[in-house]
Structure formats: structure tokens, C-alpha cells
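The following exercises ask you to read a structure step by step, and each task is followed by a worked solution. Please look at the sequence and the model before you start.

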Amino acid sequence: MKKEAILQMIKFTLFSASAGIIQVASFALFNELLSWNYWLSYLVSLVLSIIWNFTFNRRYTFKSAANVPVAMAKLFGFYAVFTPLSTWLGHVAEGAGINDYIILAVTLLSNFVLEFLFSKFVIYKNQENTRV
């Protein structure tokens, strides 16, 4: 594997971890302190982490000058599938008695892997390292 690809994976991991911290912290705030139900807590915390992750990964990981609205539309397409599916599965898992934080951890890991692949091979395909 090329050095550049390894560095890219490290950057994506670190930015995703920071987005994960934002998601977990906001989820805890909404779920524990505000007593929102699971799906609302999850959905709002997910949106916050998506905005954070997109902004930093576009600029520093993929170094892309891609049209922001187009890139965001592609990411929206990813989340148009991922969000309802993960929200529904989380709701089902919670109803089955699985701990909210275990559900969140599994969802975060799935999101991390799938979003990297989607970003690399769909959103920024042929548009990496175009930022001056």
C-alpha cells in the first residue's frame, strides 16, 4: 500500500474519531440529560457528526476541490440509505433490550467503514488532491 493511502486512512480515522466523539457526546446529552428517545437522539447526533466529518475530510484527507454542493449531495445519498436503515435497526435492537451504547458503537463502526469506502470511491473519485 502506498504511503499516501496509509496517511489518508490515518487522517480519515482521526477525523472520524473526532466526529464519533461529537456524536457520542451529543447523543449522551440528548438521551440522558434531555431524555429524548433513542431515534431522535441518534438522528440529531448523527447529523452533527456528518457535518463535522465531511468538512474536515474533504479539506484535509481527500484534499478535494470538488464542488461542495455536489459532494454533499452524494453524501446525502449515502445517508439517505444509511440513516433510515441504521435508525430502524437501532430502534429494533433497543426494543429487543440491547443497550443503547452497544447499538451506537456498532452503528458508529459500520458508518466509519462504509463512509470511507463511499467517500473514496464515489464522492471523491478522480477528485482527490485537487485542492490548491
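## Exercise 1: one leucine

Leucine 48 is partly exposed, with a relative accessible area of 40%; here buried means under 20% relative accessible area, exposed over 50%, and partly exposed in between, with a 1.4 Å probe and protein chains only. The model is a predicted one, in which local features need pLDDT of at least 70 and side-chain atom pairs count only at pLDDT 80 or more, while totals for chains, interfaces and linings use all residues. Residues are numbered from 1 along each chain as its sequence is written, and side-chain values use heavy atoms, with hydrogens and water left out.

**Task.** Find the helix in which leucine 48 lies, and list what leucine 48 is in contact with, leaving aside its neighbours within four places in sequence.

**Solution.** Step 1: leucine 48 belongs to helix H2, where helices are DSSP runs (H or I, at least four residues) and strands are runs of E with at least two, numbered from the N terminus. Step 2: with neighbours within four places in sequence set aside, leucine 48 is in contact with Ile22, Ser26 and Phe30, contact meaning heavy atoms within 4.5 Å. Step 3: to place this residue against another, take lysine 63, which is 15 residues further apart along the chain and whose C-alpha atom is separated from that of leucine 48 by 21 Å.

## Exercise 2: the first helix

**Task.** State how the reach of H1 stands against its expected value, and say what the buried residues of H1 pack against.

**Solution.** Step 1: H1 covers residues 3-33, which is 31 residues, and from its first C-alpha to its last it reaches 44 Å, close to the 45 Å expected at 1.5 Å a residue; the expected span is 1.5 Å times one less than the number of residues. Step 2: the buried residues of H1 include Phe12, Phe15, Ala19, Gln23 and Phe27. Step 3: the buried residues of H1 pack against helix H2 (38-61) and H4. As background for reading such a list, an α-helix has 3.6 residues a turn, so residues three or four places apart point the same way.

## Exercise 3: helices that pack

**Task.** Which angle and which axis distance describe the packing of H3 with H4, and what do they say about the directions of the two helices?

**Solution.** Step 1: helix H3 (residues 68-95) and helix H4 (residues 100-123) pack at about 160°, and their axes are 11 Å apart. Axes are lines fitted to C-alpha atoms, for helices over the stretch in contact, and angles run from 0 to 180 degrees between N-to-C directions. Step 2: H3 and H4 are therefore roughly antiparallel to each other, a term for angles over 145 degrees, whereas those under 35 count as roughly parallel, 65 to 115 as roughly perpendicular and the rest as oblique. Step 3: the crossing of H3 past H4 is right-handed, that is, the near helix is turned clockwise from the far one by less than a right angle, anticlockwise being left-handed. Step 4: the contact is made by residues including Phe78 and Phe82 of H3 and Leu114 and Phe118 of H4. Step 5: by class, the contact of H3 with H4 has 11 nonpolar, five polar and four charged residues, where Ala, Val, Leu, Ile, Met, Phe, Trp, Tyr, Cys and Pro count as nonpolar, Asp, Glu, Lys and Arg as charged, and the others, Gly among them, as polar.

**Task.** Describe the packing of H2 with H3 in the corresponding terms.

**Solution.** Step 1: the axes of H2 and H3 come within 10 Å and cross at roughly 150°. Step 2: H2 and H3 are therefore roughly antiparallel to each other. Step 3: H2 passes H3 in a right-handed crossing. Step 4: residues of this contact include Trp39, Tyr42 and Phe54 of H2, together with Met72, Leu75 and His91 of H3. Step 5: the contact of H2 with H3 divides into 13 nonpolar, five polar and two charged residues.

## Exercise 4: positive phi

**Task.** Where is serine 35 found, and is serine 35 buried or exposed?

**Solution.** Step 1: most residues other than glycine have a negative phi, and most peptide bonds are trans. Step 2: serine 35 has a positive phi of about 55° although it is not a glycine. Step 3: serine 35 sits in the loop between H1 and H2, and with a relative accessible area of 57% it is exposed. Step 4: asparagine 129, in the segment after H4, also has a positive phi of about 55°, and at 42% relative accessibility it counts as partly exposed.
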